[in-house]
Amino acid sequence: MRHSAGGYAQGIRPLRKNQKPEIVMDPQLKADIAAKGVRFLLCSFVELAGTPKAKLVPITHIEDTARDGAGFAGFAAGDLNQGPADTDICSVPDFRGLTVLPWKQDVAWVPGNLHVNGTPWPFCPRTTLCRNLDALRQRGLTLNTGVEP
């Protein structure tokens, strides 16, 4: 089941100096996932060339994944403007897009935004799109987008 933008939310508690954000999972999200029999999250992102990438994460790690993201070696995951010596890149899931796969109902696909060391990655296509959508919204404009096969 796909959830609208008004669906599940993650809360971030205030930080003390040098403290990582603590993601608070929505208890309803966890309950809904358990009720649907989901056993795995397919954490996904799109690299700069437009190729989707994903990692299958056991649902037992949902809180770790929500907090830290699903880790990828950026230089090996496609065009991400990273080299072999760079820090891993993490796809932090946006549970508002959670979709249970109709052909494999124990797997839920979830899109993510890329982060490095807990900071949004400036080359993440999804983050760039969200930033531009917000800028347009502030100007009273709406951008309609779509994908082609």
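The chain of this predicted model exposes about 9400 Å², and carbon and sulfur atoms supply 55% of that area. The exercises below move from the whole chain to single residues.

**Exercise 1. State how many helices and strands the chain has, and in which order they run.**

Solution. Begin with the totals, which are three helices and nine strands. Next, follow the chain from the N terminus, where the elements run β-β-α-β-β-α-β-β-β-β-β-α. Finally, set this beside two values for the whole chain: of its 149 residues, 32% count as buried, and among contacts with a separation of 6 or more, 48% join residues that are 24 or more positions apart.

**Exercise 2. Determine which strands pair with β6, and in which sense.**

Solution. First locate strand β6, which covers residues 89-93 and is mostly covered, since four of its five residues are buried. One partner is strand β5 (residues 70-72), which pairs with β6 in the antiparallel sense over three bridges; here Ala 70 stands opposite Ser 91. Another partner is strand β8 (residues 107-116), which pairs with β6, also in the antiparallel sense, over four bridges, and in this pairing Gly 112 of β8 is the bridge partner of Pro 93.

**Exercise 3. Find which residues of the largest nonpolar core touch the most other members, and which elements supply at least two of its residues.**

Solution. The core has 25 residues, of which Ile 33, Leu 41, Ile 62, Ile 89, Phe 95, Leu 98 and Leu 114 touch the most other members. Turning to the elements, α1 (27-36), β3 (40-46), α2 (62-68), β5 and β8 each supply at least two residues of this core, and the largest share, four residues, comes from β8. As a last step, take Leu 41 and leave aside its neighbours within four places in sequence: the residues in contact with Leu 41 are then Lys 55, Leu 56, Val 57, Ile 59, Ile 62, Phe 95, Leu 98 and Ala 108.

**Exercise 4. Explain why Cys 130 is too far from the closest cysteine sulfur for a bond.**

Solution. Recall that a disulfide is a covalent bond between the sulfur atoms of two cysteines. The cut-off needed for this step is that the two sulfur atoms lie within 2.5 Å. For Cys 130 the closest cysteine sulfur is in Cys 124, at 7.9 Å, and the pair is therefore too far apart for a bond. Over the structure as a whole, the count by this rule comes to zero disulfides. To complete the description, Cys 130 is partly exposed, with a relative accessible area of 28%.

Conventions. Residues numbered from 1 in each chain as written. Predicted model: local features only at pLDDT ≥ 70, side-chain atom pairs only at ≥ 80, totals over all residues. Heavy atoms only, no water. Buried < 20%, exposed > 50% of the residue type's maximum accessible area, 1.4 Å probe, protein only. Contact = heavy atoms within 4.5 Å. Areas by Shrake-Rupley, 256 points an atom, 1.4 Å probe, with all protein chains shown as cover. Pairing = 2+ DSSP bridges. Core = buried A, V, L, I, M, F, W, Y, C linked by side-chain atoms within 4.5 Å.
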